[in-house]
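Student: Please take one part of this structure and go through it closely with me.

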Amino acid sequence: MFLINCPYCGERDQSEFSSGGEAHIVRPKQPTELSDDQWAEYLFMRKNIKGVQFERWNHAHGCRKWFNMVRDTSNDKIHAVYKMGEKPPVK
Amino acid sequence: MKNKYSIFSLIKNAFSYHENWQKAWRDPEPKKEYDAIIIGGGGHGLATAFYLAKKHNMTNIAVVEKSWIGGGNTGRNTTIIRSNYLWDASAGLYDHALKIWEGLSQELNYNVMFSQRGVMNLAHNLQDVRDLKRRTHANRLNGIDAVWLNTEEVKEFCPIINTSPDIRYPVLGGTLQRRAGTARHDAVAWGYARGADSMGVDIIQNCEVKGIKRNGDSVEGIETTKGFIKSKKIGVVAAGHSSVIANMVDLKLPLESKPLQALVSEPVKPIIDTVVMSNAVHAYVSQSDKGELVIGAGTDAYVSYTQRGSHDVVEGTLKAILELYPIFSRMKMLRQWGGIVDICPDASPIISKTHIKGLYFNCGWGTGGFKATPGSGDLFAHTIANDEPHKLNADFNINRFVSGDLVDEHGAAAVAH
């Protein structure tokens, strides 16, 4: 449980948000041309990092907008929050 | 077995004030090389080592554990054991485990306090009723005991449940598996540790794995805080930390690690003599032999390795508990804790070889691994010893995420997580 600084609404309780998992996984432009291995990689395989991870979050019970977050999954400390489309900060 | 536990050994040791019991397992330094190494000294890892030694005569093996035996998820779960899963593959897997549970105390010469007190799953809406009835039929076709109970029968089986039609999620019935129940979770880890140790398995505690040494497409050993240990076969049973180990060899797994919480109340006199689970409102409860209510909450819906979890998850579970059991309204909760569970997209485990020769993974048990401990160990031992899966875990291979042959137990696993 922690506070998240929504880039649109400001600081709110984490329970207002829902996590969209690992960020910056780009949807393949031509899914039909992928092999099963490549499709499985895109669809299912995750880094699941213990440490600093880039994630997508949605302010589900607020402005309902998506944004990105850099969070340390070993202690839930949030290092940065940035809007969709913005460049991720270098850690 | 060196020091068999029996009524006679109990009496004998009573005369010396129980001060001369032999250590349950040794505390050896790691050898230079083993025939196989198991990473992770939880129930599943220790069971794997036990069956490797017992059934496959592999006794030159080690279990490396970064902490102490019984300190991880083995000691953090809510000890529920059942096998009423929907799909054939899962039913085969979990009922294999349940059959081993039924003779486990004798097999280990260690009382794991397996108690077949029954597990009841409640239905709160029409879809629940349909799903649970379907599951009952599927279970019976697979030879697993399951019965459907209507509301009155639910009330009769567990009188403290509020079956009033006026509550927000009324009880419309439920399923009951009478062979299901609970066991003492740390006794399971200790029993397997003692059993494996007595056959020569080295259990190395406080030994964290820092890296896996690879030679092309095969493994050569592990780098640990106690030095390098050589082995051509490495079985990883690291639960929530499976991805951390996998990342050491650049292997990606379809897992997300999340905190799962449980809590216990102050101890009271016997009030609930079974296990009651509810999918729709997410609450499940049983009573330990000490008298505490053992309550399982849900997972936090984000990746985290912090062994605590959020308060609102516990709050939601307790709200549901209070509506179903108004009698608990004044009980105080004593302890709350979290464990990190590794969840697969299809909520089924992976017991599998990998594309790296000699590297095996047993992971993805998510929120319900404890019940499978003996079966998981047995099948993983078979997979490691023969370099081929047993027919019961063939469907739980890692390639199902490529082929699409998922074993989707999300809606069917009796509790939604």
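Tutor: What follows is a look at one helix of chain B and two of its residues.

This is a predicted model, in which local features need pLDDT of at least 70, side-chain atom pairs count only at pLDDT 80 or more, and totals for chains, interfaces and linings use all residues. Residues are numbered from 1 along each chain as its sequence is written, chains are lettered from A and ligands numbered from 1 in the order in which they are written, and side-chain values use heavy atoms, with hydrogens and water left out.

B:S9 sits in helix α1 of chain B, residues 7-14; a helix here is a DSSP run of H or I with at least four residues, numbered from the N terminus. B:S9 is buried, at a relative accessible area of 10%, where buried means under 20%, exposed over 50% and partly exposed in between (1.4 Å probe, protein chains only). Apart from neighbours within four places in sequence, B:S9 is in contact with B:K4 and B:W21, contact being heavy atoms within 4.5 Å. From B:S9 to B:D395, 386 residues apart along the chain, the C-alpha atoms are separated by 44 Å.

B:L10 also has its place in helix α1 of chain B. With a relative accessible area of 43%, B:L10 is partly exposed. B:L10 joins B:I7, B:F8, B:I11 and B:F15 in a nonpolar patch on the surface, which has about 600 Å² of accessible area together. Such a patch takes residues with over 30% relative accessible area and no salt bridge (a side-chain nitrogen of Lys or Arg within 4 Å of a carboxyl oxygen of Asp or Glu), and nonpolar side chains (Val, Leu, Ile, Met, Phe, Trp, Tyr) are joined within 5 Å. The areas come from the Shrake-Rupley method with a 1.4 Å probe, and for residues only the protein chains shown count as cover.

How values were computed:
Helices (H or I, at least four residues) and strands (E, at least two) are DSSP runs, numbered from the N terminus. Patches are made of residues with over 30% relative accessible area and no salt bridge: like charges are joined within 9 Å, nonpolar side chains (Val, Leu, Ile, Met, Phe, Trp, Tyr) within 5 Å.
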